[in-house]
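Ready for a short walk through the model? Open your viewer and follow the stops below.

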Amino acid sequence: MSLLTLDRETGRWSLAGSKATWVVLGLIACLTVAGFLLSDRFGTLRNFSNLFGQAAFLAIIAIGQTLPVLSRGIDLSIGSVIAFAAVLTSGLIDNDPSMMLPVTALVLVLGVAVGMVNATASHFLKVHPLIITLGMAAVLRGVMLVYSDTPVGGTPEDYATFAMGRIMLEEEGLTIDIWSGSGLSLAGVFCLLLYLLVYFFLKRTRSGRNIYAVGGDPDAARLSGISVYRTLLVTYGFSGFCAALAGIYLVSQQGVGSPELAVKAYELDSITPVVVGGTMLSGGVGGVGGTLLGVILMAMLGNLLNFLDISTFYQWIAQGLIIIVAVSIYVERRRRE
Amino acid sequence: MSEEVRREPTGMTASGVSYADHLNRYGIFVFAVLLIVVGGLTSPVFLTSKNLQNIFTEAAPLGIVVIGQCLVILVRGLDLSVASVMATAAVIATEFNAVSNAMIPVIFLVCIAFSALVGLVNGLLVTKRQVSPFLATLATMIVLQGIRFSTTKGAPSGSLPEGFRFLGTGQILGIPTGIVALLILAAFFCYLLHKTGFGRRVYLVGNNPAASNLVGISSDRVTISCYVLSSVCACIGGLFLVGYVGSIDNFVGQGYELLSIVAAVMGGVALTGGRGSILGGLAGALILTVIFNLVLLNGLPSEFQYIIQGVIIIAATAFYMLRRTN
């Protein structure tokens, strides 16, 4: 992700990346300056360390949403998958430490399976993913409520490690402590690694580049021998995986999974960082680097407004305005017609 | 591109619909009738006039919203802000704290003016700034939600004139008021869409915005009008819904944005624009309401309504898409 690129034809160096990168970096810089000026608690190491951990949830759902959007689709089933995964995880573990690993693995596999069903239905029924994933969201929500309509089960204390764990540097080496207020957030580090991994997957592997090809022009991709179906399986499988992971994160953080999570519209929250980061809903343009910047921006905004004692209500207004401003600057649809 | 060319004549016929569209329309009505027959067979209460009246009273606000949603989808758009507009209109109405019924027209006018403004913003973002409809209306939805909550401090207070109750639950000549309003609006918009130049422009813009610009039709102006009309419909739907519910909270109409899209798509209005009609969308709205009603009447746990709803959404859209590609 070098910030300067050489245009081989003109021999000139220019700023890399899209306008989006610079807009978001600029906004983040403004927020940081404002934070230092307006609040003395904002600019502390402790707060930045907290922020790093708090951003993890949004980071997970946003990277999950990025791939479908790149492939010219969208995944609106994320919210229901999160809730279902959370309820299932806490219900099946039911405070039994020996069940933690198998249940976590099962839930992640289920998440991938849901995504693959979305991809299959959308591809073979030729229905827009918006509708398919919306239908899937309704079905999953129903199935979840049949399983349980109240918070169910619970998790052992160790399960909190994923969301609450902090990596501490002590004399005997690196240790992981759950309830410590300082240290580096384990989930935050995990997310950074996930972003790096997906970044290289998208740029350096054939399957990754196929996602851009399918999003740019599905017909051309098919004609050039790319299996659109297989690409969609990877794309939606990944978003399902991330949604399940986000559900597991919430259980890890809160100790129990609640069906109430289904009404929080996380699927819409997941879209904001993606589009603010410059990934176009029309597909084929953007990437996880932009999404990461979008996540940082949204997390900082929430953090700063909290310090200033500004209610969530105004955060919504700010969030909406940021979408409008950002996306109007980028000019969403390519002017092809 | 070839698909575009093939589709053009569809929107250009005088009535705005082709043979295929007629078949698509037909399908949804057959399904609606089948559903009602199934309803009558599975539940003895279903076909009683009391229950049918309930269904129609509940379907009215959704139907009013669907009319606007259909218009927006016809011009290749999508309106996610309708539910937020419904709730905001309801909150504005209660902020008046009016007692006298004479205030009702004033309340309506203020709310409609406000919602038209929201629609204008949506339309301008989509046309002049080329923001994708999904994002533009998502953003206005979030902003409206923020404004609504911050002005009401999270708990709206205030009251509505007695007459609002009549709008939601009353009857005119034995027909629920909401249905009367829905029928009037539906008739008006069907006339607008199928008998006027504006309607033909809507189909043309939906089928091929570039071509419409070439023949001198401002596709931007048509698109903006559709967003404004959608917001106004949502506002009226919201005011009827608050009359029906009888109490006000910040989430009046929550879920209607997705239900209205689903109803329109089930009714054969294509997300790619230029295809379908309001009547189809209304049939979709009726089907959704009947499903909810049947789930309750048959003593199924209410969770099942989500499952059935999801399956029907996917099945209905798949039906259209597969027919179209054949």
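Start by selecting Asn97(B), just after α4(B), where phi is positive, at about 55°. Helices here are DSSP runs of H or I with at least four residues, strands are E runs of at least two, and both are numbered from the N terminus. The model is predicted, so local features need pLDDT of at least 70 and side-chain atom pairs 80 or more, while totals for chains, interfaces and linings use all residues. Residues are numbered from 1 along each chain as its sequence is written, and chains are lettered from A and ligands numbered from 1 in the order written.

Now step back to α4(B) itself, residues 82–95. Its 14 residues should span 20 Å at 1.5 Å a residue (counting one less than the number of residues), and the end C-alpha atoms are indeed 20 Å apart. Of these residues, 13 are buried (20 or more other C-beta atoms, placed from the backbone, within 10 Å of a residue's own).

Next, select α2(A), residues 45–70. Its 26 residues reach 35 Å from first C-alpha to last, close to the expected 38 Å. Look at Ala56(A), the centre of a kink of about 35° (the angle between axes fitted to the seven residues ending there and the seven starting there). After this helix comes Arg72(A), with a positive phi near 70°.

Then show both chains: 37 residues of chain A are in contact with 38 of chain B (C-beta atoms, placed from the backbone, within 7 Å). On the chain A side, α5(A) gives the largest share, 12 residues.

Finally, colour by pLDDT, the predictor's confidence from 0 to 100. Chain A averages 87, but residues 332–337 of chain A stay under 50. Where pLDDT is low, the predicted coordinates should not be read in detail.

Methods: Contact = placed C-beta atoms within 7 Å. Buried ≥ 20, exposed ≤ 12 C-beta atoms within 10 Å, placed from the backbone.
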